[in-house]
Amino acid sequence: MKRIARLLVILACAGAMPAQAAAPLSRVQVVAVEFHYRLSRVRVPAGPVRIELANFGQDEHDLQLQRMGGSRVYDVPSALPGQRQTVTLRLKPGLYQLRCTMADHAMRGMTARLRVRPRR
């Protein structure tokens, strides 16, 4: 009987512990001005990433991310001058191309790259 009680206590304690801690949230601010982006950091660990597009320019801008060699495209909604848009994405390791899809902004140099490295 004591063995069963001890086993139940051990199992109860084990169930209260998380199996694995959640990956911490990384953050990247992308400042948009005519016609380029400035990133607060150019490398982040894989996993959840909060991306903020801050439009400090005079034109409307948006942000599109695509992992090089991948097919999935992530979109951050457009931001009018002075506005900010934020999204949280789960990114896999790789090199991501960032671009503004408004008119000819990407052709005029409104692109950047973000490296997502494997989490250690």
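In the predicted model, leucine 63 is in contact, beyond its neighbours within four places in sequence, with Val30, Tyr37, Ile51, Leu53, Tyr74, Asp75, Val76, Leu98 and Arg99. Leucine 63 also ranks, together with Val30, Tyr37, Ile51, Leu98 and Leu114, among the residues with the most contacts inside the largest nonpolar core, which has 27 residues. At least two residues of this core come from each of S1, S2, S4, strand S5 (61-67), S6, S7, S8 and S9. Nonpolar side chains tend to be buried together in soluble globular proteins.

One of the contacts of leucine 63 is Asp75, a residue of strand S6 (residues 73-79). Apart from residues up to four places away in sequence, aspartate 75 touches Leu63, Gln64 and Val87. With glutamine 64, the aspartate 75 side chain forms a side-chain polar contact of 3.1 Å. Aspartate 75 and aspartate 62 are separated by 13 residues in sequence, and their C-alpha atoms lie 7.9 Å apart in space.

Side chains of opposite charge can pair when their charged atoms come close. The structure holds one salt bridge, formed by the side chains of arginine 84 and glutamate 52 with an N to O distance of 3.2 Å. Because arginine 84 belongs to strand S7 (residues 84-91) and glutamate 52 to strand S4 (residues 47-55), the pair ties together parts that are 32 residues apart in sequence. Arginine 84 has a relative accessible area of 44% and is therefore classed as partly exposed, the range between 20% and 50%.

A second arginine, arginine 108, is placed over the face of phenylalanine 35, at 3.8 Å from the ring centre. The count of aromatic pairs, by contrast, is zero. Phenylalanine 35 itself lies in the loop between strand S1 (26-33) and strand S2 (36-39), and the peptide bond leading to phenylalanine 35 from glutamate 34 is cis, with omega near -15°.

A further backbone feature concerns alanine 103, a residue other than glycine whose phi is positive, near 40°. Most residues other than glycine have a negative phi, and most peptide bonds are trans. Alanine 103 is located in the loop between strand S8 (94-99) and strand S9 (111-117). The relative accessibility of alanine 103 is 77%, so this residue counts as exposed, the cut-off being over 50%.

Technical notes
Residues numbered from 1 in each chain as written. Predicted model: local features only at pLDDT ≥ 70, side-chain atom pairs only at ≥ 80, totals over all residues. Heavy atoms only, no water. Helix = DSSP H or I, 4+ residues; strand = E, 2+ residues; numbered from the N terminus. Contact = heavy atoms within 4.5 Å. Polar contact = N/O pair within 3.5 Å; in protein donor to acceptor, adjacent residues only side chain to side chain. Salt bridge = Lys/Arg side-chain N within 4 Å of Asp/Glu carboxyl O. Buried < 20%, exposed > 50% of the residue type's maximum accessible area, 1.4 Å probe, protein only. Phe/Tyr/Trp six-rings, centres within 6.5 Å; stacked < 30°, edge-to-face > 60°. Lys NZ or Arg CZ within 6 Å of the ring centre and 35° of its normal. Core = buried A, V, L, I, M, F, W, Y, C linked by side-chain atoms within 4.5 Å.
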